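Subject: Structure for you to look at

Hi,

Here is the structure I said I'd pass on. Have a look at it first, and then read my notes below.

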2 protein chains.
Amino acid sequence: MNIGAAAARSGLPAKTIRYYEDIGLVVPARRANGYRDYADADVNRLAFIHRARDLGFDIESCRRLLALYSDRSRASADVKRLATEHLADIERKMRELELMANTLRHLVQHCRGDDRPDCPIIDDLATGEFAPAPAPPPPPSTAKANPR
Amino acid sequence: MNIGAAAARSGLPAKTIRYYEDIGLVVPARRANGYRDYADADVNRLAFIHRARDLGFDIESCRRLLALYSDRSRASADVKRLATEHLADIERKMRELELMANTLRHLVQHCRGDDRPDCPIIDDLATGEFAPAPAPPPPPSTAKANPR
DNA sequence: CTTGACCTTCCGGTGGCTGGAAGGCTTATC
DNA sequence: GATAAGCCTTCCAGCCACCGGAAGGTCAAG
């Protein structure tokens, strides 16, 4: 099967499949004319990688997973360890993103977003500490405070 | 101030500071001997970028934020828009990671992780659909089932 | 005068592709 | 047989945000 067909079946772009050959992940046979010739097993490996990548595994982990995939005497413990470590990585990244998101939400909430320059977001970036929009001063005795 | 001092004050590695000059983010003066000479304002800009990067802004956004930082007639709405878009990006990434994490947790939970090859994680990667570990068959009439 | 701590530029590599150029092969149509 | 379209090939370059290291210049102290 030509690379185009392998691409269609695995869901990967042909470019990516060539790259995977370059780095030795899936190396197909070659025909007399130099064209790559993918067997069904190759396409299975490609689709396997595709799904592993979609789950966020990096190429090195894909390589290990592939090795386990074709090792009929594997211990599922090895697979589980890979997956568990990767899960921990993802959870760490999520916590990092959550910290960023919390700070950003906080800053965005306090920025008036009008045509004036005062901006707690810029202030925070400039000073390293959150500088809130000045709280509207306690209204004078009249109830009609802060007309803006 | 030499680049080493600017690095210490901004918290950025000298290498990174040189890179920021390369891409035109913070371009210091030069002394007669060719050494970079950072003014306080430069260091402020570097620290500003440092914090923006820590919040996950990419370099292009940092460039825009820096422009707004030094634009005294900026509209805070422009800053807020940048931050809001970035926040949305982060939240999108978090959702992606959460999907991965959910799948991985599910798979990991169902993998026995012993020395045998049966593994729902590998099965899922191979077939694209979750293949749970076969539920332990209903125990035979004796109560002493599954001694392992 | 030498040592060591700075500083300079330049080149190459990271991960995981993606785009494009320049050219060969195959198949269909005129 | 010519030609065009649509495959395929290799190779080179670029993306992002740096980091490491080599080769060499500069400066202050002992």
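How do the residues of the surface near DNA strand C divide into nonpolar, polar and charged? They come out as six nonpolar, five polar and five charged. Before I go further, please keep in mind that this is a predicted model.

Staying with strand C: there are 16 residues around it, and those that come nearest are Asp58(A), Ile59(A), Asn2(B), Gly4(B) and Arg36(B). The elements giving two or more residues to that surface are α2 of chain A plus α1 (3-10) and α2 of chain B. The largest share is three residues, from α2(A).

Now for DNA strand D. It also has 16 residues around it, and Asn2(A), Gly4(A), Arg36(A), Asp58(B) and Ile59(B) come nearest. At least two residues each are supplied by α1 and α2 of chain A and by α2 (14-22) of chain B. Here α2(B) gives the largest share, three residues. By class, the surface near strand D has six nonpolar, five polar and five charged residues.

How are the two protein chains related? A turn of 180° with a shift of 0.0 Å along the axis lays chain B on chain A, with an RMSD of 0.0 Å. That is the relation of a two-fold axis. If you want to find the axis from chain B, go to Met94(B): its C-alpha is the nearest one in that chain, 3.0 Å from the axis. Both copies use the same surface, as 100% of the contact residues of chain B recur in chain A.

On the interface itself, 48 residues of chain B are in contact with 48 residues of chain A. On the chain B side, α3 (40-54), α4 (59-69), α5 and α6 each supply at least two residues. Which of them gives the largest share of that side? It is α5(B), with 21 residues. By class, the side of chain B that touches chain A has 26 nonpolar, nine polar and 13 charged residues.

As for the fold, chain A has six helices and two strands, running α-α-β-β-α-α-α-α from the N terminus. Of its 148 residues, 27% are buried. Among contacts in chain A between residues at least 6 apart in sequence, 34% join residues at least 24 apart.

Two helices of chain A are worth a look on screen.

One is α5 (residues 76-110), with 35 residues. From first C-alpha to last it reaches 51 Å, close to the 51 Å expected at 1.5 Å a residue. Its buried residues include Ser76(A), Lys80(A) and His86(A), along with Leu87(A), Leu104(A) and Leu107(A). The cover over the buried residues of α5(A) includes α4 and α6 (120-127) of chain A, and α5 (76-110) and α6 of chain B.

The other is α3 (residues 40-54), which has 15 residues and reaches 21 Å, close to the 21 Å expected at 1.5 Å a residue. Buried in α3(A) are Asp42(A), Val43(A), Arg45(A), Leu46(A), Phe48(A), Ile49(A) and Ala52(A). What covers them includes α1 (3-10), α2 (14-22) and α4 (59-69) of chain A, and α6 (120-127) of chain B. Just after α3(A), look for Gly56(A), which takes a positive phi of about 90°.

Cheers

Note on methods: Residues numbered from 1 in each chain as written. Chains lettered and ligands numbered in written order. Predicted model: local features only at pLDDT ≥ 70, side-chain atom pairs only at ≥ 80, totals over all residues. Helix = DSSP H or I, 4+ residues; strand = E, 2+ residues; numbered from the N terminus. Expected span 1.5 Å × (residues − 1). Buried ≥ 20, exposed ≤ 12 C-beta atoms within 10 Å, placed from the backbone. Contact = placed C-beta atoms within 7 Å. Near = placed C-beta within 6 Å. Nonpolar A, V, L, I, M, F, W, Y, C, P; charged D, E, K, R; others polar. Least-squares fit on C-alpha atoms with pLDDT ≥ 70 in both.
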